[in-house]
Amino acid sequence: MSEPIRVLVTGAAGQIAYSLLYSIGNGSVFGKDQPIILVLLDITPMMGVLDGVLMELQDCALPLLKDVIATDKEDVAFKDLDVAILVGSMPRREGMERKDLLKANVKIFKSQGAALDKYAKKSVKVIVVGNPANTNCLTASKSAPSIPKENFSCLTRLDHNRAKAQIALKLGVTANDVKNVIIWGNHSSTQYPDVNHAKVKLQGKEVGVYEALKDDSWLKGEFVTTVQQRGAAVIKARKLSSAMSAAKAICDHVRDIWFGTPEFVSMGVISDGNSYGVPDDLLYSFPVVIKNKTWKFVEGLPINDFSREKMDLTAKELTEEKESAFEFLSSA
């Protein structure tokens with residue numbers, strides 16, 4: 001058995017965490033021979049609920065869980081971490097402007113970034129899920145100057161998986177038969193799901209998705225809006241936001257950081273040095289490949305005019321979000 005790793009999940013009393021913690025504890029993310037010390041952080045009013053989650057994790061009798069620590073204190077939660085999965089954030093309430101949401105979250109992620117900087121290992125991998133995820137991730141990274149900015153990523157894997165699934169459903173194949181879809185930009189309704197470089201396996205051979213579907217107007221229209229608005233569609237139907245699918249996407253994202261990728265995947269990462277004309281210093285979703293726990297941009301993909309326009313639009317939104325966040329950051 002290896003040495004245990006310390007993994008933090010924030011918002012640990014919430015519904016995404018409830019779908020996520022079992023998968024982390026049973027070895028699906030870090031492997032079947034990797035013991036884990038699981039740290040659960042939530043706000044003080046949620047400690048009663050968190051205690052129930054702790055009891056259930058104990059009752060799962062998971063052999064890989066060496067210890068489970070439930071806390072509302074950042075100095076306990078962030079100590080010596082190998083992995084931090086930041087799920088908790090201020091949710092948008094009715095009548096709340098996006099700007100108010102941004103302000104509340106800047107405060108949270110500034111504080112958590114500072115705690116990472118002070119208490120976590122410098123090699124910690126930080127995955128931000130709480131929305132607005134891209135800008136929250138950038139805020140945390142800026143607040144943790146001693147941790148390499150490449151160690152911070154935000155979740156766009158749920159959008160990636162949604163895009164994959166829509167193509168598979170349309171073609172009557174399984175999601176496994178579809179590869180190399182891309183989510184560009186912000187985890188918001190301006191994100192751009194791009195299948196210009198995607199391949200699908202049909203009758204044993206790989207073909208481009210555009211060629212396989214022969215339905216450009218669907219791919220440029222309904223497909224894009226379905227993926228962009230899928231989160232809202234789930235809320236409308238379930239009266240709750242995506243939890244099972246979000247937790248599955250977090251597992252995919254973290255497992256790929258840990259073990260590497262067989263195909264390219266989408267994640268929000270720092271845009272510095274990209275070759276796709278996205279401004280530096282944005283936390284933007286790109287296609288990446290991962291090896292030895294280090295991601296690299298997928299380079300050299302040709303970008304057509306349709307894609308260019310969509311990629312620029314989401315970059316513009318992220319630039320505006322960043323500017324608002326940084327105003328709050330200096331005063332927070």
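Three helices, α6, α10 and α11 (244–259), each put at least two residues into the lining of the second largest pocket. The biggest share comes from α6, with 5 residues. Keep in mind that this is a predicted model. Below is a quick tour of its pockets, one helix that is largely enclosed, and some aromatic rings.

**The second largest pocket**
- This pocket holds about 300 Å³ of space.
- It has 13 lining residues, and the closest to its centre are Leu 158, Arg 162, Val 234, Ser 242 and Ser 245.
- Sorted by class, the lining has 5 nonpolar, 4 polar and 4 charged residues.

**The largest pocket**
- Here you'll find about 1700 Å³ of space.
- Its lining takes in 49 residues, with Ser 89, Met 90, Pro 91, Arg 92 and Asn 131 the closest to the centre.
- Five helices each supply at least two lining residues: α1 (15–25), α4, α6 (157–171), α9 (222–228) and α10 (230–238).
- So α6 and α10 turn up in the linings of both pockets.
- The class count for this lining is 20 nonpolar, 19 polar and 10 charged.

**Helix α5, tucked inside**
- Helix α5 spans residues 133–142, and 9 of its 10 residues are buried, so the rest of the structure largely encloses it.
- Among those buried residues are Asn 134, Cys 137, Leu 138 and Ser 141.
- What do they pack against? Their partners are two helices, α4 (98–119) and α12 (305–331), plus the strands β5 (125–128), β6 (152–154), β12 (265–270) and β13 (283–291).

**Aromatic rings**
- The structure has 8 aromatic pairs.
- In one of them, the ring centres of Trp 184 and Tyr 276 are 5.0 Å apart and the planes meet at 65°; since that angle is over 60 degrees, the pair counts as edge-to-face.
- Trp 184 belongs to strand β8 (residues 182–184) while Tyr 276 sits in the loop between β12 and β13, so this pair joins parts of the chain 92 residues apart.
- Trp 184 also pairs edge-to-face with Phe 286, at 6.1 Å centre to centre and 75° between the planes.
- That second link runs from strand β8 to strand β13, across 102 residues.
- Trp 184 is buried, with a relative accessible area of 0%, and Phe 286 has the value 0% too.
- Ring pairs tie Trp 184, Tyr 276, Tyr 284, Phe 286, Trp 295 and Phe 297 into a cluster.

**Charges over rings**
- Lys 220 has its charged end over the ring of Phe 306, 5.2 Å from the ring's centre.
- Lys 293 lies over the face of Trp 258, 4.3 Å from the ring centre.

How values were computed:
Residues numbered from 1 in each chain as written. Predicted model: local features only at pLDDT ≥ 70, side-chain atom pairs only at ≥ 80, totals over all residues. Heavy atoms only, no water. Buried < 20%, exposed > 50% of the residue type's maximum accessible area, 1.4 Å probe, protein only. Helix = DSSP H or I, 4+ residues; strand = E, 2+ residues; numbered from the N terminus. Contact = heavy atoms within 4.5 Å. 1 Å grid on protein atoms, 1.4 Å probe; cavity = no way out; pocket = protein on both sides within 12 Å on 5 of 7 lines; lining within 4 Å. Points joined across faces, edges and corners; volume = space filled by probe spheres on them. Nonpolar A, V, L, I, M, F, W, Y, C, P; charged D, E, K, R; others polar. Phe/Tyr/Trp six-rings, centres within 6.5 Å; stacked < 30°, edge-to-face > 60°. Lys NZ or Arg CZ within 6 Å of the ring centre and 35° of its normal.
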